Amino acid sequence: MKSYKELATSVQFIVKKSGVVLVSKDDALETVGLGRSAYVFKIGSTNKVLKVFFPQFIETAKEEAQIYEQLQGNKYFPMLFEAGVGYLVIEYVEGTTLFDCLRKGIYISEDIIIEIDHALDTARLKGLNPSDIHLRNILLTKKGTIKMIDVARYRQNKDCTQWDDLKRVYRDYYLKSFFPKKIPAFIMNTIAFFYKKKWTPEWRK
């Protein structure tokens, strides 16, 4: 198999106003994710993924690598295997994001919320400040445990209330018997849009 650097170099994309378009990649790479700053590929039959950042997010790649290094050995976060210019190689975690749990109707128990709180506390004990915690960067594994991904903003200085706001919605709405446990993606995306615009003051402190 090619080196991780060679695999990362094989990934070519074009940045357009409408977004980023993947042009080419090595056949050993299977696309498993696309975020605001990077593509994520599973590497063949290994337990690793290659995260290749867009050109304008090279510094974000460096920042995230340093944070993963701080979190090495923490069971709530993927293991970092290698970091290079514009790419990371991290542990592949098979699971379902909380976003997809809601989309598919998979119940999210209070124990899961408690475990997420504990995971974030373990990061704080390392001197980090977990930020930008949302439904797409929390994975529920097949074993019923959780993994936190996309940690690039864990060293921000500002106070981020996003997770506290999500917990408030969970307790004030989701746990109610009348509240639907399966929610279409477009509804969640619309709510997220309103939240970012700060048009949901009743969900904030």
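In this predicted model, Thr-96 sits across from Leu-140, a residue of strand 9. The two strands involved, strand 8 and strand 9 (residues 138-141), run antiparallel and share 3 bridges. They belong to an open sheet of 3 strands, in the order 8-9-10 with antiparallel pairing. Strand 8 (95-97) and strand 10 (146-148) form the edges, each pairing on one side only. On average, and ignoring direction, neighbouring strands here are turned by 30° against each other. Helix 4 (residues 110-124) packs on this sheet, where it touches strand 9 and strand 10, and its direction makes about 40° with that of strand 10.

Gly-95 also belongs to strand 8. Not counting neighbours within four places in sequence, Gly-95 is in contact with Leu-139, Leu-140 and Thr-141. The C-alpha atoms of Gly-95 and Lys-142 are 5.9 Å apart, although 47 residues separate the two in sequence. With a relative accessibility of 36%, Gly-95 counts as partly exposed, because that value falls between the 20% and 50% cut-offs.

Another antiparallel pairing joins strand 6 (residues 80-84) to strand 7 (residues 87-91), this time over 4 bridges. Here Gly-84 faces Tyr-87 of strand 7. The hairpin made by these strands has 2 residues between them, and Gly-86 takes a positive phi near 85°.

Turning to charged side chains, the model has 13 salt bridges. Side chains of opposite charge can pair when their charged atoms come close. One of these salt bridges joins Asp-150 to Lys-51, with 2.9 Å between the closest N and O atoms. This one ties together distant parts of the chain: Asp-150 is in the loop between strand 10 and helix 5 (162-174), while Lys-51 is in strand 5 (residues 48-53), 99 residues away. The partners are covered to differing degrees: Asp-150 is partly exposed at 33% relative accessibility, whereas Lys-51 is buried at 7%.

Other salt bridges stay within a helix. Asp-100 pairs with Arg-103, the closest N and O atoms being 2.9 Å apart. These residues are about one helical turn apart, because they are 3 residues from each other in helix 3 (residues 98-104). Asp-100 is partly exposed at 22% relative accessible area, and Arg-103 is partly exposed at 34%. Helix 4 holds a pair with such spacing too: Asp-121 and Arg-124 are 3 residues apart, so about one helical turn separates them. Their closest N and O atoms are 2.8 Å apart. Asp-121 is partly exposed at 41%, and Arg-124 is partly exposed at 42%. Elsewhere, salt bridges link Arg-36, Asp-132 and Arg-153 into a network.

Right after Arg-36 in the numbering comes Ser-37, which lies in the loop between strand 3 (29-34) and strand 4 (38-43). Ser-37 is buried, because its relative accessible area of 16% is under 20%. Leaving out residues up to four places away in sequence, Ser-37 touches Val-52, Phe-53, Phe-54 and Phe-57.

Finally, there is a nonpolar patch on the surface, made up of Ile-14, Val-21 and Val-23, with about 240 Å² of accessible area together. Val-21, one of its members, is in strand 2 (residues 19-24) and is partly exposed at 35% relative accessible area.

Conventions: Residues numbered from 1 in each chain as written. Predicted model: local features only at pLDDT ≥ 70, side-chain atom pairs only at ≥ 80, totals over all residues. Heavy atoms only, no water. Buried < 20%, exposed > 50% of the residue type's maximum accessible area, 1.4 Å probe, protein only. Contact = heavy atoms within 4.5 Å. Patch = residues over 30% accessible without salt bridge, like charges linked within 9 Å, V, L, I, M, F, W, Y side chains within 5 Å. Areas by Shrake-Rupley, 256 points an atom, 1.4 Å probe, with all protein chains shown as cover. Salt bridge = Lys/Arg side-chain N within 4 Å of Asp/Glu carboxyl O. Pairing = 2+ DSSP bridges. Axes fitted to C-alpha atoms, helices over the stretch in contact; angles between N-to-C directions.
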